[in-house]
Amino acid sequence: MATATTPLVAQDFDVQRVREDFPILNQLVHGKPLVYFDNAATSQKPRTVIEAERHFYEGDCANIHRGIHLLSERATKAYEEVREKIQHLLNAPETRQIVFVRGTTEAINLVASSYARRNLQAGDEVVITAMEHHANIVPWQMLREEKGIVLRVAPISDRGELIFEEFEKLLGPRTRLVSVAHVSNVLGTINPVREVVRAAHRSNVPVLVDGALKIDVQELDCDFYAFSSHKVFGPTGVGALYGKVRLLESMPPYQGGGDMISSVSFERTTYNTIPYKFEAGTPNIAATIGLGAAIDYVSRLGIENLARHEHELLVYATAKLSQIPGVRVIGTAREKASVVSFVLDGVHPHDIGTVLDQEGIAVRTGHHCAQPLMERFKVPATARASLAFYNTKEEVDALVEAVEKVKQIFV
Ligand SMILES: Cc1ncc(COP(=O)(O)O)c(C=O)c1O
């Protein structure tokens with residue numbers, strides 16, 4: 001990946017050393033060392049990210065794009081540099097293809113409200129999968145209510161994998177957009193987005209990827225790509241939408257206000273160029289600068305090194321949890337990110353979560369904003385341990401011990 005710093009090599013990855021970069025990890029919860037396994041909800045932030053935000057507020061705080069004074073110039077430069085970092089991270093051809101948004105949810109809503117609202121008519125179809133987050137379901141349903149579009153849902157197997165032939169069958173003459181998660185936040189399934197894009201493009205259908213992993217947008221050739229900063233060790237409240245120039249230029253603005261215009265009179269307003277025409281109002285400048293620091297941080301550690309460590313943890317946690325009688329792992333795709341959802345016979349996931357919390361272990365329980373997926377697996381909820389590169393095998397052992405304790409209490 002393009003980065004100003006040289007990544008560490010694999011053997012240099014020292015998880016204990018890396019943990020020191022995350023101040024939050026060093027604390028007791030209910031008298032036990034914190035084990036943070038809720039990374040799919042939001043990841044923790046390294047000190048450099050926290051310091052980047054602090055540096056902005058202590059030294060450079062000003063609004064961007066509008067001031068000619070030095071602080072505004074510095075803030076604008078720092079802000080726009082992050083756009084370039086994202087461009088390099090995704091290997092986007094041009095910086096103007098990176099639109100800052102509040103996060104993945106806003107990015108998808110932008111595409112739905114601007115691209116899809118303009119281009120789709122009653123009866124036109126949007127194809128998603130059965131493993132989508134509500135953020136990639138509800139915006140299309142809202143458009144369905146407004147315009148009468150049709151939502152088609154590609155089914156998944158019992159392992160939690162997209163049934164590709166069924167997905168392909170849904171691509172018909174009325175398909176106008178495919179919108180898929182790269183990684184299921186519940187199952188951990190990594191979808192075959194390359195094949196999805198190829199199949200959709202054969203029918204001239206653009207593809208939006210609800211992103212999670214590092215990708216090369218040119219190689220993947222997706223038309224839109226959305227991600228949230230807070231999932232990649234950056235602050236909450238910011239994210240980005242990548243789009244192909246032709247599409248972004250053809251799209252009407254999403255919101256009106258300051259910064260997205262070229263000129264305004266009561267008779268007529270002309271809009272700014274991309275990406276600014278989609279960036280109305282004062283953005284979360286500090287968080288955006290923090291996102292830049294997060295990108296630098298993971299680039300320095302080497303995204304491949306982090307993925308390798310997370311994969312080792314996934315294999316270890318899956319094996320250990322599966323050995324506990326009564327535990328069923330939901331989501332056993334062959335290509336998986338480090339998410340382990342599970343249920344335990346006779347115990348509601350909320351009870352699992354409550355007991356684990358008492359042991360200092362933070363997992364997520366519930367439907368994970370994917371209620372249709374819970375129905376697909378006929379479970380009301382799951383407990384979900386989502387692992388990050390700062391987690392350790394010892395923490396997985398603590399989780400396994402705590403699940404045994406849950407059994408002693410409830411079963
Ligand atoms: C797969 C997936 N898509 C979309 C979202 C929505 O992201 P955000 O809440 O950051 O906008 C999430 C968040 O958990 C997610 O896991």
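Is C222 buried or exposed? In this predicted model, C222 has a relative accessibility of 0%, so this cysteine counts as buried. C61 gives a useful contrast in surroundings: its relative accessibility is 40%, and therefore C61 counts as partly exposed. As for bonds between cysteines, the count of disulfides comes to zero.

A second part of the picture is built from strands and a helix. Strand β5, which covers residues 125-129, pairs with strand β6, residues 150-154. The two strands run in the parallel sense, and five bridges join them. One place to look for this pairing is V126, whose bridge partner in β6 is L151. Helix α5, made of residues 138-147, belongs to the same arrangement: β5, α5 and β6 together make a β-α-β unit, and this unit is right-handed.

The surface offers a third point of interest. Here I409, F410 and V411 form a nonpolar patch, and their accessible area together is about 300 Å². F410 is part of helix α14, which spans residues 393-410, while V411 is found in the segment after α14. How exposed are these two members of the patch? F410 has a relative accessible area of 36%, so it is partly exposed. For V411 the value is 64%; because exposed means over 50%, V411 falls in the exposed class.

V411 also shows how residues separated along the chain can be compared in space. V411 and D345 are 66 residues apart in sequence, and their C-alpha atoms are 8.2 Å apart.

Conventions:
Residues numbered from 1 in each chain as written. Predicted model: local features only at pLDDT ≥ 70, side-chain atom pairs only at ≥ 80, totals over all residues. Heavy atoms only, no water. Disulfide = S-S within 2.5 Å. Buried < 20%, exposed > 50% of the residue type's maximum accessible area, 1.4 Å probe, protein only. Pairing = 2+ DSSP bridges. Helix = DSSP H or I, 4+ residues; strand = E, 2+ residues; numbered from the N terminus. Right-handed = clockwise from strand over helix to strand, strands pointing away. Patch = residues over 30% accessible without salt bridge, like charges linked within 9 Å, V, L, I, M, F, W, Y side chains within 5 Å. Areas by Shrake-Rupley, 256 points an atom, 1.4 Å probe, with all protein chains shown as cover. Salt bridge = Lys/Arg side-chain N within 4 Å of Asp/Glu carboxyl O.
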